[in-house]
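Let's take a friendly walk through this model together. Have the sequence and the 3D view open as you read.

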Amino acid sequence: MREHAYLRPSDPAQAVAAVTADPDASFLAGGTNLVDHLKLGIAAPGLLVDVRHLPLDAVEETDDGLRVGANVLNSDLAADRAVRERWPVVSRALLAGASGQIRNQATTAGNLLQRTRCVYFQDRTTPCNKRDPGSGCSADDDRAYGRYNAVLGASDQCVAVHPSDLAVALVACDAVVQVLGEAGSRELPLEDLHRLPGAEPHRDTTLAHGELITGVVLPRSVTSARSTYVKVRDRASFAFALVSVAAGIDLHPGTGTVRDVRLAWGGVAHRPWRARAAEDALRGAALSESTIRSAVAAELEQARPAPGAAYKLAMLRNATVLALSRLVPALAVDLDRPEEDR
Amino acid sequence: MDTFPSANVDLTVDGITHRIAVDPRTTLLDALRERLGHASPKKGCDHGQCGSCTVLLDGRRHLTCLALALSYDGAEITTAAGLGAEGMHPVQQAFLDHDGYQCGYCTPGQVCSAVGMLDEAAQGQPSHVTEDLSRPTTLEDLTDAEIRERMSGNLCRCGAYVGILDAIREAAGG
């Protein structure tokens with residue numbers, strides 16, 4: 001591990017100033033990802049600016065929703081009564097991630113800023129454009145371990161996926177991120193926080209160096225109140241998503257048709273994937289397994305899976321059906337039947 | 001606001017407060033084991049994947065391998081040894097009674113994790129397998145599936161899970 005200095009600022013503005021002034025500095029929050037990267041040599045900052053102690057740990061009701069401080073722990077947010085009742089997808093996503101110990105340590109903002117678990121990004125002995133720009137992509141090769149690769153929005157530079165469950169849920173809730181920078185504070189939709197890799201895969205987010213996430217705002221909505229999260233992974237617990245689905249729905253009380261819907265997918269792209277084409281196809285439709293499958297197919301017209309990750313498309317179709325069927329029990333589905341027989 | 005090339009950190013471990021000067025790279029686990037001589041938190045994977053370094057930190061179960069000691073200045077830590085300092089803790093006794101271990105390396109982490117987990121459940125925290133999020137959970141809700149899910153951050157390479165599950169079920173009152 002490279003030697004580094006350690007700084008514990010007493011307010012967010014000091015933290016922002018310290019990191020902004022030093023290109024070699026990094027914020028440190030819960031540390032569950034960054035401290036691992038320090039050990040692995042994936043990150044080697046010369047200065048760690050510890051923001052874990054900043055007073056950004058409140059969950060506050062506002063007129064139109066909930067404001068969650070950047071330092072609210074994953075376990076506390078998952079257990080928050082308001083979140084469980086009005087944004088259950090957020091609770092479900094958090095509880096589907098990591099372990100009890102890690103959720104007691106990881107913060108809201110840190111969860112959003114965790115880095116990909118692409119096996120080549122995490123292996124310093126292999127080329128990786130995200131870790132070492134210009135060195136090449138080891139994952140984009142038919143001989144590579146490509147099961148985790150992106151199927152949507154990848155570039156010839158990077159096929160990594162974003163690992164956060166929380167981010168996927170927040171995108172489905174139309175959440176807003178509050179950011180503090182040297183020029184002052186700003187807000188941006190959670191959906192605009194993460195980016196596609198393009199020619200700059202080393203940039204996970206749209207934040208500038210030194211910008212600090214101070215909180216996340218959850219607006220109240222019918223689709224967030226009736227929402228859930230389905231995560232498919234290699235083992236039953238404590239594993240990252242192969243694919244995941246955050247879903248919220250509002251049905252017309254009279255006709256039962258879809259008045260509004262939110263769908264976001266995890267494990268499939270460099271950022272949480274808001275499935276807008278699928279949402280558009282479902283809005284106004286009578287909800288059935290076949291309308292859901294058609295809607296997912298509309299979204300997946302953009303998919304470009306490598307052979308090793310092509311399984312994710314069928315998994316997405318089934319997981320999306322499963323998520324919506326959990327929200328609408330009248331929607332009878334039999335996922336044990338082979339997909340080609342449907 | 002200070003920059004520390006190396007700095008003092010106060011850690012209260014099993015009731016005794018220590019002040020040590022540490023290199024900023026020192027993890028909490030290395031501070032506990034190598035500097036303060038507390039051997040019950042174990043270094044298993046050292047990457048947050050096995051849970052053998054789990055302690056209770058300010059009352060909650062917490063890894064010590066993915067934590068820099070300087071970040072935890074002033075923390076109160078209870079290790080598995082501390083839990084048993086005044087006679088066997090009920091969770092430790094249950095592990096003994098149900099053969100909840102084989103080689104024992106993961107056991108201190110398992111015990112601390114179980115104590116923290118039971119407290120979380122008693123405080124109403126849900127888990128991934130909790131069906132109904134609308135009401136707080138209680139210890140009575142700890143089915144085998146709940147216990148398995150909530151303990152998934154602690155691996156046992158000997159595979160003593162059957163005994164561990166029996167021990168925690170008994171400690172939960174089930």
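In this predicted model, helix α8 of chain A, residues 165-172, has 8 of its 8 residues buried, so the helix is largely enclosed by the rest of the structure. If you would like to pick them out in your viewer, the buried residues are Asp165(A), Leu166(A), Ala167(A), Val168(A), Ala169(A), Leu170(A), Val171(A) and Ala172(A). Just after α8(A) comes Asp174(A), which takes a positive phi of about 55°.

Which residues make the contact between α8(A) and helix α5(A)? Start with the geometry: the axes of α5 (residues 88-95) of chain A and α8(A) come within 8 Å and cross at roughly 170°. An angle over 145 degrees counts as roughly antiparallel, and α5(A) and α8(A) are therefore roughly antiparallel to each other. On the α5(A) side, the contact is made by Val89(A), Val90(A), Ala93(A) and Leu94(A). On the α8(A) side, Asp165(A), Leu166(A), Val168(A), Ala169(A), Leu170(A) and Ala172(A) take part.

Now for the strands. Strands of a sheet pair through backbone hydrogen bonds, either parallel or antiparallel. Chain A has an open sheet of 5 strands in the order β4-β5-β8-β6-β7, with antiparallel pairing. At its edges stand β4 (59-62) and β7 (184-189) of chain A, each with a single partner strand, so one side of each is left without a neighbour in the sheet. From one strand to the next, the twist averages 25°.

Within this sheet, β7(A) runs antiparallel to β6 (residues 176-181) of chain A, and 6 bridges join the two. To find your place in the pairing, look for Gln178(A), which stands opposite Glu187(A) in β7(A). Helix α1 (residues 12-21) of chain A lies across β6 and β8 (212-219) of chain A, and α1(A) runs at about 125° to β8(A).

Chain A also offers a parallel pair: β2 (residues 25-28) and β3 (residues 47-50) of chain A are joined by 4 bridges. Leu28(A) has Asp50(A) as its bridge partner in β3(A). Between these strands the chain passes through helix α2 (residues 34-40) of chain A, and this β-α-β crossover is right-handed.

Stepping back, here are the two chains as wholes.

| Chain | Helices and strands |
|---|---|
| Chain A | 12 helices and 12 strands |
| Chain B | 6 helices and 6 strands |

For chain A, with 342 residues, a compact globule would have a radius of gyration near 20 Å, and the chain's value of 20 Å agrees. Its C-alpha trace spans about 60 × 55 × 35 Å along the principal axes. Of the 342 residues of chain A, 55% count as buried. Among contacts in chain A between residues at least 6 apart in sequence, 64% join residues at least 24 apart.

Chain B has elements that run β-β-β-α-β-β-β-α-α-α-α-α from the N terminus on. With 174 residues, a compact globule would have a radius of gyration near 16 Å, and chain B agrees with this at 17 Å. The C-alpha atoms of chain B fill a box of roughly 50 × 40 × 30 Å, taken along the principal axes. In chain B, 51% of the 174 residues count as buried. Of the contacts in chain B with a separation of 6 or more, 57% are between residues 24 or more positions apart.

Key
Residues are numbered from 1 along each chain as its sequence is written. Chains are lettered from A and ligands numbered from 1 in the order in which they are written. This is a predicted model: local features need pLDDT of at least 70, side-chain atom pairs count only at pLDDT 80 or more; totals for chains, interfaces and linings use all residues. Two strands pair if DSSP finds at least two bridges between them. A crossover is right-handed if, with the strands pointing away from the viewer, the path from the first strand over the helix to the second runs clockwise. A residue is buried if 20 or more other C-beta atoms lie within 10 Å of its own, exposed if 12 or fewer, and partly exposed in between; C-beta atoms are placed from the backbone. Axes are lines fitted to C-alpha atoms, for helices over the stretch in contact, and angles run from 0 to 180 degrees between N-to-C directions. Two residues are in contact if their C-beta atoms, placed from the backbone, lie within 7 Å. The radius of gyration is taken over C-alpha atoms; the globule rule is 2.2 Å times the number of residues to the power 0.38. Angles under 35 degrees count as roughly parallel, over 145 as roughly antiparallel, 65 to 115 as roughly perpendicular and the rest as oblique.
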